[in-house]
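Take a look at the fold below. The walk starts at the sheet, moves to a crossover and ends in the core.

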Amino acid sequence: MTDTVTDTVTVHVPVLTQELMALLNPVINGVYLDATLGGGGHTRELLKRVGPEGVVIAMDRDEEALERAAIGINDPRVRYVHGSFSDMADKVRAMGYHGIDGVIMDLGLSMTQMKDESRGFSFNSKEPLDMRMDRSLSVSAGEIVNRWSERNTVRRGRPCR
Ligand SMILES: C[S@@+](CC[C@H](N)C(=O)[O-])C[C@H]1O[C@@H](n2cnc3c(N)ncnc32)[C@H](O)[C@@H]1O
């Protein structure tokens with residue numbers, strides 16, 4: 001994958017996109033969920049294929065990714081939503097959709113997140129450990145690793161929602 005990052009917009013070119021689209025085979029006027037929007041590479045590809053009445057629900061846990069993508073992809077067929085894919089069914093229902101035609105999940109983190117020193121994802125610089133995908137969450141990886149006791153970490157450590 002490659003990311004081209006300016007101050008406000010990330011243009012992400014994901015790998016295996018053509019293969020993914022061939023497998024997904026989007027239908028005209030379908031509703032698709034890109035559950036890991038990131039730089040929007042997959043959302044852009046879906047938009048080329050879903051037709052004029054199609055919809056792409058573009059979700060990310062990272063509000064900054066959503067803001068960047070919304071600047072770069074100005075298309076009324078995109079519905080942006082902040083949240084975790086673990087809540088995708090509730091989020092999609094809350095938007096009024098009771099069935100969709102397909103979901104893409106491109107798991108991991110983006111180069112934009114990795115390279116942004118304020119995000120604390122990389123071990124290659126002196127930035128404080130943070131690693132929150134969603135910066136509205138109060139607990140960072142640094143707090144867990146450096147401040148929580150082993151007992152507390154075991155007791156409170158459970159899948160994030
Ligand atoms: C590899 S990037 C996706 C790149 C994207 N496919 C593209 O074409 O630009 C992974 C994205 O998933 C997001 N992410 C990670 N965990 C998430 C979660 N639980 N729910 C929603 N998005 C999540 C990250 O914030 C990141 O933007």
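Four strands form an open sheet in this predicted model, in the order E5-E4-E3-E6. Their pairing is parallel. General background helps here: strands of a sheet pair through backbone hydrogen bonds, either parallel or antiparallel. At the edges sit E5 and E6, the latter covering 102-104. Each of these two pairs on one side only. On average, neighbouring strands of the sheet are turned by 20° against each other, direction ignored.

Now follow one pair of strands. E4 and E5, residues 78-82, run parallel and are joined by 5 bridges. One residue pair to pick out is Met59 with Val81, its bridge partner in E5. How does the chain get from E4 to E5? It passes through H3, and this β-α-β crossover is right-handed. H3 lies across both E4 and E5. Its direction makes an angle of about 160° with E5.

Next, the interior. The largest nonpolar core holds 20 residues. Which of them touch the most other members? They are Val56, Ile57 and Ala58. Several elements contribute: strand E3 (31-34), helix H2 (41-49), strand E4 (55-60) and helix H3 (63-72) each supply at least two residues of this core. E4 gives the largest share, with 5 residues.

Val56 deserves a closer look. Set aside its neighbours within four places in sequence, and what is Val56 in contact with? The list is Tyr32, Asp34, Thr43, Leu46, Leu47, Val50, Arg77 and Val78. Place these on the elements already met. Tyr32 and Asp34 fall within E3, at 31-34. Thr43, Leu46 and Leu47 fall within H2, at 41-49. Val78 belongs to E5, at 78-82.

Finally, step back to the whole protein. Its secondary structure comes to 7 helices and 6 strands. Along the sequence, the pattern reads β-β-α-β-α-β-α-β-α-β-α-α-α. The protein has 161 residues, and 25% of them count as buried. Contacts also span the sequence. Among those with a separation of 6 or more, 56% come from residues 24 or more positions apart. The contact between Val56 and Tyr32 is one example at that range.

Technical notes: Residues are numbered from 1 along each chain as its sequence is written. This is a predicted model: local features need pLDDT of at least 70, side-chain atom pairs count only at pLDDT 80 or more; totals for chains, interfaces and linings use all residues. A nonpolar core is a set of buried Ala, Val, Leu, Ile, Met, Phe, Trp, Tyr and Cys residues joined through C-beta atoms within 7 Å. A residue is buried if 20 or more other C-beta atoms lie within 10 Å of its own, exposed if 12 or fewer, and partly exposed in between; C-beta atoms are placed from the backbone. Two residues are in contact if their C-beta atoms, placed from the backbone, lie within 7 Å. Two strands pair if DSSP finds at least two bridges between them. A crossover is right-handed if, with the strands pointing away from the viewer, the path from the first strand over the helix to the second runs clockwise. Axes are lines fitted to C-alpha atoms, for helices over the stretch in contact, and angles run from 0 to 180 degrees between N-to-C directions.
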